[in-house]
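Visitor: I would like a close look at one charged side chain in this protein, and at how its surroundings fit into the rest of the fold. Please take me through that part with care.

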Amino acid sequence: MIKRAMVTGLASVAAAGLAFSIAPGVAQAADNGQRTGPVQFWAENLGNCKVKFTLTNETNITSYTLDWRIDDEPLRDVDYADFQVGRTGGMHTTVEDYPRWPDDEGSMGANAPDNIWMVKDRPVSTVSYIKDLKNLNDSPYNPPLPNPEAATHDVAYRMVLGPPGNLGDGGPEWLGDRNWHHVTVTGCAGGGGGGGGSLDGLFGSS
């Protein structure tokens with residue numbers, strides 16, 4: 001189902017908030033991610049070359065999805081979006097119950113004050129994903145770790161997908177500004193590669 005929602009959502013997203021470039025391997029100051037609004041996300045350095053992503057969701061929409069990249073690695077073009085993406089796929093929010101997808105509008109009608117089915121203020125649903133940069137196994141898109149001999153890596157991440165329309169309160173869709181957030185991942189000395197997967201796909205299984 002996540003593939004269905006992402007294809008629909010990605011095709012409607014404007015080419016905003018493109019990559020904030022830094023020199024490869026240059027660590028950025030860690031920030032707190034996005035800590036306001038009905039959908040929030042952040043990343044933490046766990047040491048031992050591991051990073052933990054956390055997303056919280058107070059809506060009933062499950063398709064909010066993170067995009068990420070390592071050491072300013074190149075972004076890539078995809079056929080169904082008019083902007084470039086990184087390692088997008090797989091890291092998306094969950095909901096407690098009654099999930100909705102952006103493409104439900106075909107059967108539900110427009111999300112409007114007299115027909116609110118994209119909602120917020122639900123019980124908070126939290127999901128976390130841990131990525132081992134020395135042993136990446138994302139599928140099907142899994143390029144090799146850039147700068148594999150580096151002791152630290154800069155991981156940039158952003159929210160790349162949210163539902164079209166709004167959550168019933170007259171406001172815009174929640175996507176933030178699509179700027180990159182950063183965390184420095186430590187404990188990577190000694191190399192390790194990971195990656196080498198196909199470049200043909202975008203979406204991980206979930």
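Guide: In this predicted model, the side chain of D72 makes a polar contact with the side chain of R69, at 3.3 Å. The two side chains also meet in a salt bridge, with 3.3 Å from N to O. D72 itself lies in the loop between β3 and α2. Because its relative accessible area is 17%, under the 20% cut-off, D72 counts as buried. R69 is likewise classed as buried, since its relative accessibility is 5%. As a general matter, side chains of opposite charge can pair when their charged atoms come close.

The structure holds 5 salt bridges, and two others help to place D72 in context. One of them joins R87 to E73, whose closest N and O atoms are 2.6 Å apart. Both R87 and E73 sit in the loop between β3 (65-70) and α2 (105-108), yet they are 14 residues apart, and the pair is counted as a link between distant parts of the chain. R87 is buried because its relative accessibility is 3%, and E73 is buried as well because its value is 8%.

The other pair is R122 with D97, whose side chains meet in a salt bridge at 2.3 Å, N to O. R122 lies in the loop between α2 and β4 (125-132) while D97 lies in the loop between β3 and α2, so this pair ties together parts that are 25 residues apart in sequence. Here the setting is partly exposed: R122 falls into that class because its relative accessibility is 24%, and D97 does so because its value is 35%.

To see what surrounds these pairs, it helps to step back to the fold. The secondary structure comes to 2 helices and 6 strands, which follow the pattern α-β-β-β-α-β-β-β when read along the sequence. Of the 206 residues of the protein, 50% count as buried. Among contacts with a separation of 6 or more, 79% are between residues 24 or more positions apart. The protein exposes about 9100 Å², of which carbon and sulfur atoms supply 50%.

The largest nonpolar core has 28 residues, and those with the most contacts inside it are F53, W68, L133, V155 and Y157. The elements that give two or more residues to this core are β1 (39-47), β2 (50-57), β3, β4, β5 (153-161) and β6, with the largest share, 4 residues, coming from β1. A second, separate core has 6 residues, including A81, F83, V85 and V160.

Strand β6 offers two further residues worth inspecting, beginning with V185, which is found in that strand. V185 is buried, because its relative accessible area is 0%. Although V185 and N45 are 140 residues apart in sequence, their C-alpha atoms are 5.1 Å apart in space. Leaving aside residues up to four places away in sequence, V185 touches N45, C49, K50, V51, L133, A151, T152, H153 and V155; L133 and V155 also appear among the residues with the most contacts inside the largest nonpolar core.

The second residue is H182, whose place is also in strand β6, residues 181-185. The side chain of H182 makes a polar contact with the side chain of D154, at 3.1 Å. H182 is buried, as its relative accessible area of 5% shows.

A word of caution belongs with all of this, since the confidence of the prediction varies along the chain. The mean pLDDT of the protein is 77, and 71% of its residues reach 70 or more. Over residues 1-27 the pLDDT stays under 50, and the model has 71 contacts beyond four places in sequence for this stretch. Residues 191-206 also have a pLDDT below 50, and beyond near neighbours in sequence they have 55 contacts in the model. Where pLDDT is low, the predicted coordinates should not be read in detail.

To return to the part you asked about, D72 is a buried residue in the loop between β3 and α2, and its side chain meets that of R69 in a salt bridge.

Technical notes. Residues numbered from 1 in each chain as written. Predicted model: local features only at pLDDT ≥ 70, side-chain atom pairs only at ≥ 80, totals over all residues. Heavy atoms only, no water. pLDDT = per-residue confidence, 0-100. Contact = heavy atoms within 4.5 Å. Buried < 20%, exposed > 50% of the residue type's maximum accessible area, 1.4 Å probe, protein only. Polar contact = N/O pair within 3.5 Å; in protein donor to acceptor, adjacent residues only side chain to side chain. Salt bridge = Lys/Arg side-chain N within 4 Å of Asp/Glu carboxyl O. Core = buried A, V, L, I, M, F, W, Y, C linked by side-chain atoms within 4.5 Å. Areas by Shrake-Rupley, 256 points an atom, 1.4 Å probe, with all protein chains shown as cover.
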